[in-house]
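Visitor: I would like a close look at a single part of this model, and a word beforehand on how its chains are arranged. Please take your time over the details.

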There are 2 protein chains.
Amino acid sequence: MNALRYENQKLSLADLAKPGADGEAIVRVTFSGICNTDLEIARGYAGFEGTLGHEFVGVIEELPADGALARSTEKAQRDGPLLRRGLVPGQRVVGEINAGCGTCDLCRAGDPRHCPARTVLGIVGRDGAHAEFLKLPVVNLIPVPDSISDEHAVFTEPLAAACGILEQVSLTKDTSAAVIGDGKLGLLCEQVLATTGAPVTLIGKHQSKLQIAARRGVEILTLDRLKSEKGKFDVIVEASGSSSGFDLALDLVRPRGTVVLKSTFHGKTDFDAARIVVNEINIVGSRCGRFLPALKLLEQERVDVESLISEQFALREGVRAMKRATEKGVLKVLLRP
Amino acid sequence: MNALRYENQKLSLADLAKPGADGEAIVRVTFSGICNTDLEIARGYAGFEGTLGHEFVGVIEELPADGALARSTEKAQRDGPLLRRGLVPGQRVVGEINAGCGTCDLCRAGDPRHCPARTVLGIVGRDGAHAEFLKLPVVNLIPVPDSISDEHAVFTEPLAAACGILEQVSLTKDTSAAVIGDGKLGLLCEQVLATTGAPVTLIGKHQSKLQIAARRGVEILTLDRLKSEKGKFDVIVEASGSSSGFDLALDLVRPRGTVVLKSTFHGKTDFDAARIVVNEINIVGSRCGRFLPALKLLEQERVDVESLISEQFALREGVRAMKRATEKGVLKVLLRP
């Protein structure tokens, strides 16, 4: 099968054997999405080698016939009606990307996102989704409601990451919130925060991207108009992927306010500890979120992902697609095996 | 009057006129305490010039006869019995160090600690406590219960700063907590955290200081014994005043745990954003706390400050006392006008 891989400091399309199940499920990928993390990996910043990609929607190709399925069913009973539809070959699914050991306290509590022995699809120790087939533990798979198209379902993972903010920080309609960064992650975060009723301001430097939010009635601010906003916001989400975005967040947040760090920047960054202590700012690192809230938002059409799709490429054009994803003004690039 | 001042990049004892009241209260200082912030200011890192010192206990020398007193009484009615003893000349007092504008939303809500126009005793725009007399708004003064000695009451401000952590982070007897830094601030933080019933570990490198905590039954750890503790703690308070302490805190905190930044380090510091995002760590800047919880702890003898006093100097020996406070193994140095 075709797979887009990063190996020996090089990105290339490879022809691999279809993965064996080994007690996990095999999924035939319908769409995968290129994330900034993929671009960072392909720059060599993340220490991962293998098949890239962790955003996908697909169809179950093969299930193990043993206890793994029983465990999944048990989890489904806990997690509610969306999951009780059952997992059978042919079922359309998305998949949580962290695969835990299954036995540590965190995994047994149903949250393998911080399992110290975890693998992560296309990021840590596990081949990813930019391929014709992938494999994941059955317990990671979640059926996609019929009303969500494949092109929208492929946004479940990044949308879940945005929803993760609401697991960590509580917002109400009285919370003054801002998102720094008008890229695809920022545009998702802005929409998720707005579902709480909080007034949200999107801060960025690309008029074409800011206009996507402005059309929904979101207040937008360009960098040159920020002087009067210092110390104004209760909650700021840093989603620009740059250290200057973090500095800006510290300027804009009120004393005792919260800065959510949603994007990683590679390497070490200057850090003004005195400002954080004197203004008693709360900084919250935020990575992955749960999939069910994201699927619900997509099912209820409470977020717009359609306008974030810049382009689709065939998987065999994956190297070119990755290059395209780095270009100015481009948002989500999808791959189709 | 004598005052210990930092001016023109130089620390010296000066002879000043006794301050005029100008609508504020005049306090005759009984003891003042040297804080690491004083040492930072005297190194030129904080941009303050004037009389140093913000930790004190004293006696009211003079009160304004007007509305300022009425306002204070009104606040006292709200704040409870400790304050209702009233403020009269001769009353022994400690004083909150942030003096707000009195009219902004924060000040009107009774918390001037983040008033953007605030002055801060001996730190921002207001002469401090290493002097024979100081002045503060009446509303800042809090009577000291009779059972607390002057030598203990002078610890109210740093103890309140330690208590401020509990305004921001909630701990229970099931919270695994650690304090990094065995200096005077670390030893106060460790005791305050322990009042919640949480098991607290103190991490430092000075055996003589660690033993002060060990004698109270606190678990102590030296830096060479930390390898097995990685990712173990729910809450870590960084009170070492060094950037390496912050790095260590990120090593020791569990995923989704909390690091409280209690001490400032001057200048900018390397900051590993990826680690904070991937492990979803919460970082809480913490500066000043309320005085009443600190006075209650002193009154109930639930914290030991006696063993933190290294030495007393006469105020006229202030320059020598400041030098002494920088020496290895020295904890709190008190000045006596």
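What share of the interface residues of chain B are also interface residues in chain A? After that, please show me helix 12 of chain B and what covers its buried residues.

Guide: This is a predicted model, in which local features need pLDDT of at least 70 and side-chain atom pairs count only at pLDDT 80 or more, while totals for chains, interfaces and linings use all residues. Residues are numbered from 1 along each chain as its sequence is written, chains are lettered from A and ligands numbered from 1 in the order in which they are written, and side-chain values use heavy atoms, with hydrogens and water left out.

To your question: the share is 100%, so the copies meet through the same surface, where contact means heavy atoms within 4.5 Å. Chain B is superposed on chain A by a rotation of 180° with 0.0 Å of shift along its axis, at an RMSD of 0.0 Å, the fit being by least squares on the C-alpha atoms of residues with pLDDT of at least 70 in both. That is the relation of a two-fold axis.

Now to helix 12 of chain B, which spans residues 318-325; helices (H or I, at least four residues) and strands (E, at least two) are DSSP runs, numbered from the N terminus. Its buried residues are Gly318(B), Ala321(B), Met322(B) and Ala325(B). They cover an arc of only 100° around the axis, which puts them on the same side of helix 12 of chain B; the arc is that of the directions from the helix axis to the C-beta atoms. On the other side of this helix, Arg320(B) and Lys323(B) are exposed. Here buried means under 20% relative accessible area and exposed over 50%, with partly exposed in between (1.4 Å probe, protein chains only).

What covers the buried residues of helix 12 includes strand 1 (2-7), strand 2 (10-15), helix 1 (36-42), strand 18 (309-314) and strand 19 (332-336) of chain B.

Strands 1 and 2 of chain B belong to an open sheet of three strands, with the order 2-1-4 and antiparallel pairing; two strands pair if DSSP finds at least two bridges between them. Its edge strands are strand 2 and strand 4 (50-51) of chain B, each pairing on one side only. Strand 1 and strand 4 of chain B run antiparallel and are joined by two bridges, and Tyr6(B) stands opposite Gly50(B) in strand 4 of chain B. Helix 12 of chain B packs on this sheet, touching strand 1 and strand 2 of chain B, and its direction makes about 150° with that of strand 2 of chain B; axes are lines fitted to C-alpha atoms, for helices over the stretch in contact, and angles run from 0 to 180 degrees between N-to-C directions.
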